[in-house]
Amino acid sequence: MTRHHPDNLSLLEYSAGNLSEPHALCIRLHLDKCSHCRSRVDSLEALGAVIMDHQPKVSLSEDMFDSILAKIDEGVEPAPQPSRESVLHKLLGADINDLPWKRQLGDVSVLDITDKFPGQSEQVVLQKLAAGGKAPAHTHRGEETTIVLQGAFADQKGVFNQWDFVVLNDQDDHKPVAVGCEDCITLSILSAPVKLTGRFTRLLNPFIR
Amino acid sequence: MMSVIRSNHVNVKERPVATLDKKQANSEGPKDPWSRLLEKVGKHQDREAFHALFEHFGPQIKYFAMANGLSSHAEELVQEVFVSIWRRSCLYDWRKAAASTWIFTIARNQRIDMLRKMQRTSAEMNVETEDLWQVPGDNEDEPVTSLHRLMSERRIRESLGQLSEEQTTVIAKVYMENKSHQRVADELNIPLGTVKSRVRLALNKLKVILQDQNA
């Protein structure tokens, strides 16, 4: 179980570029706000560079450098400027509060955004627990990675604020409550590649499963 | 080329990390020769410096591409990486990363990008590779942060030899072959828990995650 920050192994996989896109997104969103983890990733990227240096080297074609120069000379593409738009907004095309949320039961709403990540098997869902709202007690099936996008929630183990990172598994039994005056919105990745519909849809919701 | 690297190592040993104070780190400019060359490319579009970087890092990146299963596109990846290095070099800041680290992240991103393009279906994601994988830069120009980075890179380089062969193999597979811990476990026919503990032990030995970062 990981709470508040991603563990070293996840950050290692991130720095190596080996995570699925939804997992990379969760880490990236966390890094945006967490200088502690940014610094850990910096070190891990340095490790990647050192490892690359210690591998065998493969000689290159003789004319390769010239063709790179030719490509540089023909291209006028300027250095890319970092985008100001948040990754999340870019992905969803709207503010998280303005999405077509589906009310599920009581204080809980969900939105499945798996189709934003074509070609991968994990299920990705946004969940909203209304300010002050309670979700029924539940446990988790398989592993579930969650990042808090807005507001905060609390359970028996503590309070989870905006940009906190949580990995839960079937050992974790909790009963989250949205704390503070904002709706609590989270993004979760469900490892079990199940697709349920109809009355079982609500089983996908980590708040109420 | 190799002599340059060795002399750099000697340098590091001669000057214990503890004596490298903030002022020095700031005033002496980039310490390693590759970072210095990359700065020249960024500031003056220096093609000689660019060629030296190509000679040193090109063969590494070609191996990286091949280890990632991109054998038939290995040189294409090297080309993409160097065009990208040239175009982005003006953004390079030695205080934020050593040239080797900066180039590694470009190679990694281009590899992700290439695999993504190869697997592209009709449906596309509306975020770019960089949006997901590029670590957001620190806005502050804190000398402590810069110094910290310089030190951690050196420490990793110096302590890599302390790893057991098993630990090196696991780490190399994760970084060079685009393999998750689970896939490494499957391939080496060992439990996932063993892979994870080897990685954890290796990171501890390398002091990648520095104690003082938590303070």
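Start by selecting A154(A): its bridge partner is V177(A), which lies in strand β11(A). Keep in mind throughout that the model is predicted.

**The sheet in chain A**

Extend the selection from A154(A) to strand β7, residues 152-155 of chain A, and add β11(A). The two strands run antiparallel and are joined by 3 bridges. Now add β8(A) to see the whole of an open sheet of 3 strands, ordered β8-β7-β11 and paired antiparallel. At its edges are β8 (158-160) and β11 (177-179), each of which pairs on one side only. Direction ignored, neighbouring strands of this sheet are turned by 35 degrees against each other on average.

**The side of chain B that touches chain A**

Next, colour the two chains separately. Here 54 residues of chain A are in contact with 65 residues of chain B. On the chain B side, select α4 (47-67), which gives the largest share, 9 residues. Other elements that give two or more residues include α5 (74-88), α6 (99-118), α8 (143-159) and α11 (192-206) of chain B. By class, this side of chain B has 34 nonpolar, 16 polar and 15 charged residues.

**A helix pair across the chains**

Finally, select α3 (residues 35-53) of chain A and α9 (residues 165-176) of chain B. Their axes come within 10 Å and cross at roughly 105 degrees. Because angles of 65 to 115 degrees count as roughly perpendicular, α3(A) is roughly perpendicular to α9(B). Show side chains for G48(A), I51(A) and M52(A), which meet I171(B), A172(B), Y175(B) and M176(B). The residues of this contact comprise 6 nonpolar, 1 polar and no charged.

Conventions:
Residues are numbered from 1 along each chain as its sequence is written. Chains are lettered from A and ligands numbered from 1 in the order in which they are written. This is a predicted model: local features need pLDDT of at least 70, side-chain atom pairs count only at pLDDT 80 or more; totals for chains, interfaces and linings use all residues. Axes are lines fitted to C-alpha atoms, for helices over the stretch in contact, and angles run from 0 to 180 degrees between N-to-C directions. Helices (H or I, at least four residues) and strands (E, at least two) are DSSP runs, numbered from the N terminus. Angles under 35 degrees count as roughly parallel, over 145 as roughly antiparallel, 65 to 115 as roughly perpendicular and the rest as oblique. Two residues are in contact if their C-beta atoms, placed from the backbone, lie within 7 Å. Ala, Val, Leu, Ile, Met, Phe, Trp, Tyr, Cys and Pro count as nonpolar, Asp, Glu, Lys and Arg as charged, and the others, Gly among them, as polar. Two strands pair if DSSP finds at least two bridges between them.
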